[in-house]
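Welcome! Please take a moment to turn the structure around on your screen before reading on, and keep the sequence at hand.

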Amino acid sequence: VQTCALPIWPLDQDQERVFNKRVFNKRVSQGENTMNLAQGKKALLSAVAAAALTVVGAASAMADVKPVMIRIAADLTGPPHPAGISMSLFKELVEKKMPGSEVRLFFAGSLYRIPEAVEAMTDGNLEMTWGQFGKTAAVDPYMNVVVGAQLLTTPGAIDSLDSFETIKFLQDRMNKVHDVHIFGSGHLSMYMGAGSGSRLISPADFKGKKMRSMGPAENALLGALGANPTTMAFGDVPPALQTGVIDGLLTSLGGFNSTKDQAPFFTIAGINGIVGDYYWIGASNSWWNKLDTEQQAILNGIIMNEVLPFQKQINFCNDKRLVDKFETKDPSKPGIYIMNAAEASAIKTAAGDATAKWIKSKTPDAADMWVDKFAMEAAAAVAANPIGSSKLEKTDCAAMAKWFTVYERYVKPKKK
């Protein structure tokens with residue numbers, strides 16, 4: 001097979017004569033006539049011109065998009081945390097597709113904690129937040145209705161979360177009550193668990209331990225296990241572990257990866273076996289409604305079609321790679337230990353319905369139906385999406401591996 005470089009359009013007279021001669025000689029030797037040559041040349045040059053106009057048109061359209069300035073607050077840490085990687089991808093895509101734009105990422109509560117971020121968006125003082133349902137309950141208790149361990153217990157069930165009536169209700173509530181638009185949900189680690197300087201397996205192991213929780217709803221579960229819970233932003237956890245302010249923490253596998261030096265024993269009770277919580281990505285309506293329709297369309301497309309699907313895949317792959325790397329079958333040794341069925345059942349029995357009761361006690365009576373509805377929707381989603389059936393579980397994690405080193409590793413700034 002012979003190949004040749006396409007000429008650059010437009011051709012000058014000398015280039016055109018050379019081009020004609022080369023193509024003429026080649027095609028005449030193959031029995032083609034000059035009429036076919038002329039037609040072929042015309043078609044080729046038309047294709048080159050069309051391609052050039054397409055490129056110029058796309059570049060011109062991109063240049064016409066007005067830039068945006070976005071500050072996005074989060075309580076999680078930056079790369080290699082999978083959600084931190086996803087936020088970094090969001091920044092990259094916005095600044096690429098909307099030239100002149102600036103996206104500023106604020107990790108580990110460095111700008112606002114989640115409750116304060118919601119209030120800032122309501123007041124029009126912040127553009128976006130990578131939030132979390134449980135942590136948002138401090139400003140709206142209704143957000144707790146989707147929080148709870150051992151409800152969504154398969155990857156496919158978790159991946160179907162945005163189709164739940166409960167989620168749609170919360171989106172509508174955040175829009176009406178807090179003037180915040182929630183685009184969709186994201187996944188925390190499916191293997192949320194308990195980390196400490198010693199192994200925590202039975203309820204007796206938790207008794208008396210000072211444990212960091214991610215939100216008030218987890219406090220109920222920890223209390224049922226006999227622990228002394230305290231809600232703490234993740235950015236404050238490493239020094240609290242080092243100084244003995246806390247003995248352990250509830251967190252994700254990504255969180256374990258960031259704190260494994262201080263809390264090397266990490267225990268999980270299956271998918272969402274100890275903690276069940278989820279991210280949400282939202283924007284201030286005060287800011288969003290000032291954007292033109294083209295800006296909104298581009299940002300919505302980036303979030304819904306690129307960043308959120310990517311976040312769910314890289315979160316799944318992060319879980320897999322960390323379990324593959326750090327799993328231990330011996331609970332007396334450091335690493336990730338997955339409880340057997342009997343051990344997980346003991347935790348479930350001890351916890352009982354403490355979380356649901358706590359949520360109902362802290363929300364208006366009208367929220368009770370949503371707590372129960374979420375439990376029913378979760379059970380139906382688990383039945384419809386058994387282990388191994390979801391597209392998410394078929395993610396090519398080998399292809400995703402490169403993303404864990406694409407962005408600069410986050411280092412929390414030292415306090416002055």
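Here is a guided walk, from the whole chain to a sheet, a loop and a pair of helices.

Keep in mind from the start that this is a predicted model. The chain has 416 residues, and 49% of them count as buried. Along the chain you can find 17 helices and eleven strands. Many links bring distant parts of the sequence together: of the contacts between residues at least 6 apart in sequence, 74% join residues at least 24 apart.

Let us begin with the sheet. Five strands form an open sheet in the order 2-1-3-10-4, and their pairing is mixed. As a general reminder, strands of a sheet pair through backbone hydrogen bonds, either parallel or antiparallel. Which strands stand at the edges? They are strand 2 (102–106) and strand 4 (180–187); each has a single partner strand, so one side of each is left without a neighbour in the sheet. From one strand to the next, the twist averages 20°.

Now follow the sheet from strand 2 inwards. Strand 2 is paired with strand 1 (residues 69–74) in the parallel sense, over five bridges. If you would like a landmark here, look for isoleucine 72, whose bridge partner in strand 2 is leucine 105. On the sheet packs helix 13 (residues 293–326), which touches strand 1, strand 3 (128–132), strand 4 and strand 10 (278–284). The direction of helix 13 makes about 25° with that of strand 4.

Strand 1 also pairs with strand 3, again in the parallel sense, this time over three bridges. Alanine 74 stands opposite tryptophan 130 of strand 3. Moving on, strand 3 and strand 10 run antiparallel and are joined by five bridges. Here methionine 128 has alanine 283 in strand 10 as its bridge partner.

Is strand 3 enclosed or open to the outside? Five of its five residues are buried, so strand 3 is largely enclosed by the rest of the structure. You can check this on both faces: Met128, Trp130 and Gln132 lie on one side, Thr129 and Gly131 on the other, and all are buried.

Next, step off the sheet into the loop between strand 9 (265–268) and strand 10, where glycine 273 is found. Because its relative accessibility is 2%, under the 20% cut-off, glycine 273 counts as buried. What does glycine 273 touch, leaving aside residues up to four places away in sequence? The answer is Ala149 and Gln150. Serine 345 is another residue to look for: it is 72 residues from glycine 273 along the chain, and the C-alpha atoms of the two are separated by 9.4 Å.

Our last stop is a pair of helices. Helix 9 (residues 216–224) packs with helix 15 (residues 354–362) at an angle of about 135°, and their axes are 8 Å apart. That angle makes helix 9 oblique to helix 15. The crossing of the two helices is right-handed. Which residues meet there? From helix 9 come Pro216, Ala217, Ala220, Leu221 and Ala224, and from helix 15 come Ala354, Thr355 and Trp358. By kind, the residues of this contact divide into seven nonpolar, one polar and no charged.

How values were computed. Residues numbered from 1 in each chain as written. Predicted model: local features only at pLDDT ≥ 70, side-chain atom pairs only at ≥ 80, totals over all residues. Heavy atoms only, no water. Axes fitted to C-alpha atoms, helices over the stretch in contact; angles between N-to-C directions. Helix = DSSP H or I, 4+ residues; strand = E, 2+ residues; numbered from the N terminus. Parallel < 35°, antiparallel > 145°, perpendicular 65-115°, else oblique. Left-handed = near helix turned anticlockwise from the far one by under 90°. Contact = heavy atoms within 4.5 Å. Nonpolar A, V, L, I, M, F, W, Y, C, P; charged D, E, K, R; others polar. Pairing = 2+ DSSP bridges. Buried < 20%, exposed > 50% of the residue type's maximum accessible area, 1.4 Å probe, protein only.
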